Amino acid sequence: MSKFAPLLFALVVTLIPSLAMALGEPKKGSGKKETPSLQGTWNVESQIISGKENRAFPMTITFEGSRFVVKSRLEVIQSGDVKIDISQEPNTMSLTVTTGPDKGKVVPSIFRLDGDSLKVCSNPKGKQMPTKFESPEESNIVLLVLKRLSRGADEADAKAMQGAWRVTH
């Protein structure tokens with residue numbers, strides 16, 4: 001081993017974290033647009049399809065890494081990959097469905113994140129990206145308003161559902 005190996009090791013250990021920080025996410029106030037964090041589980045507060053409110057069942061959407069999962073209670077409805085583009089206004093996302101009834105579809109969507117509130121407008125039947133956060137009649141456009149669940153809420157719901165249940169009415 002070379003007598004310079006310890007020096008080289010120390011140099012690499014010192015420089016790599018600094019380089020990673022310099023190339024990483026932009027800092028607040030840097031003038032660069034930050035990538036919004038959609039990570040976590042979101043409760044669907046309202047769903048409007050073609051101008052009509054749909055209150056059929058409670059749903060959650062979980063974003064983990066570059067994946068999404070849509071659930072009704074504890075049953076997975078569909079899942080897939082999500083790609084976010086924040087260079088446009090409004091911000092866009094493409095949802096590629098890999099499991100569920102819409103398997104193989106790419107759903108163009110726009111979104112707006114405001115703290116723990118998320119608004120998503122999707123065009124599940126078409127290829128055109130929505131341009132506004134609205135769902136006109138006969139448009140097949142879906143407008144969702146979601147609220148971020150606290151960490152562990154999914155797991156708490158799953159634990160609460162465990163055990164024997166009896167139908168009373």
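Student: What makes β8 and β9 (residues 142–148) a pair of strands?
Tutor: DSSP must find at least two bridges between two strands for them to pair. Here 6 bridges join β8 to β9, so the requirement is met. The two strands run antiparallel. L118 stands opposite L146 in β9.

Student: What kind of model is this, and what are its ground rules?
Tutor: This is a predicted model, in which local features need pLDDT of at least 70 and side-chain atom pairs count only at pLDDT 80 or more, while totals for chains, interfaces and linings use all residues. Residues are numbered from 1 along each chain as its sequence is written, and side-chain values use heavy atoms, with hydrogens and water left out.

Student: How do you know what counts as a helix or a strand here?
Tutor: Both are DSSP runs, numbered from the N terminus: H or I over at least four residues for a helix, E over at least two for a strand. The chain has 2 helices and 9 strands. From the N terminus on, the order is α-β-β-β-β-β-β-β-β-β-α.

Student: Which residues face each other where β7 (residues 106–114) meets β8 (residues 117–122)?
Tutor: R112 stands opposite K119 in β8. The strands run antiparallel and share 6 bridges. They form a hairpin with 2 residues between them. In that turn, G115 has a positive phi of about 65°.

Student: How do you know that β6 (91–99) pairs with β5 (75–85) and with β7?
Tutor: Count the bridges. 7 join β5 to β6, which run antiparallel, and I84 has M93 in β6 as its bridge partner. Another 6 join β6 to β7, also antiparallel, with T92 opposite I110 in β7. The β5 and β6 hairpin has 5 residues between its strands. The hairpin of β6 and β7 has 6, and G100 takes a positive phi near 110° there.

Student: Why is G40 called buried?
Tutor: Its relative accessible area is 16%. Buried means under 20%, exposed over 50%, and partly exposed in between (1.4 Å probe, protein chains only). G40 falls under the first cut-off, so it is buried. It sits in strand β1 (residues 40–49). Its C-alpha is 5.5 Å from that of T62, 22 residues away in sequence. Across the 169 residues of the chain, 29% count as buried.

Student: Why is G65 called partly exposed?
Tutor: G65 has a relative accessible area of 48%. That value lies between the two cut-offs, so G65 is partly exposed. G65 is found in the loop between β3 (59–64) and β4 (67–72). Its C-alpha is 9.9 Å from that of S37, and 28 residues separate the two along the chain.

Student: What makes the space of about 580 Å³ a pocket and not a cavity?
Tutor: Both are sets of points on a 1 Å grid over the protein atoms alone. In a cavity a 1.4 Å probe fits but cannot get out; a pocket is an open set with protein on both sides within 12 Å along at least five of seven lines. The volume is the space filled by probe spheres set on the points, which are joined across faces, edges and corners.

Student: Which residues are closest to the centre of the largest pocket?
Tutor: They are Q47, Q78, D102, P124 and V142, of 25 lining residues. Lining residues have an atom within 4 Å of a point. β1, β3, β4, β5, β6, β8 and β9 each supply at least two of them.
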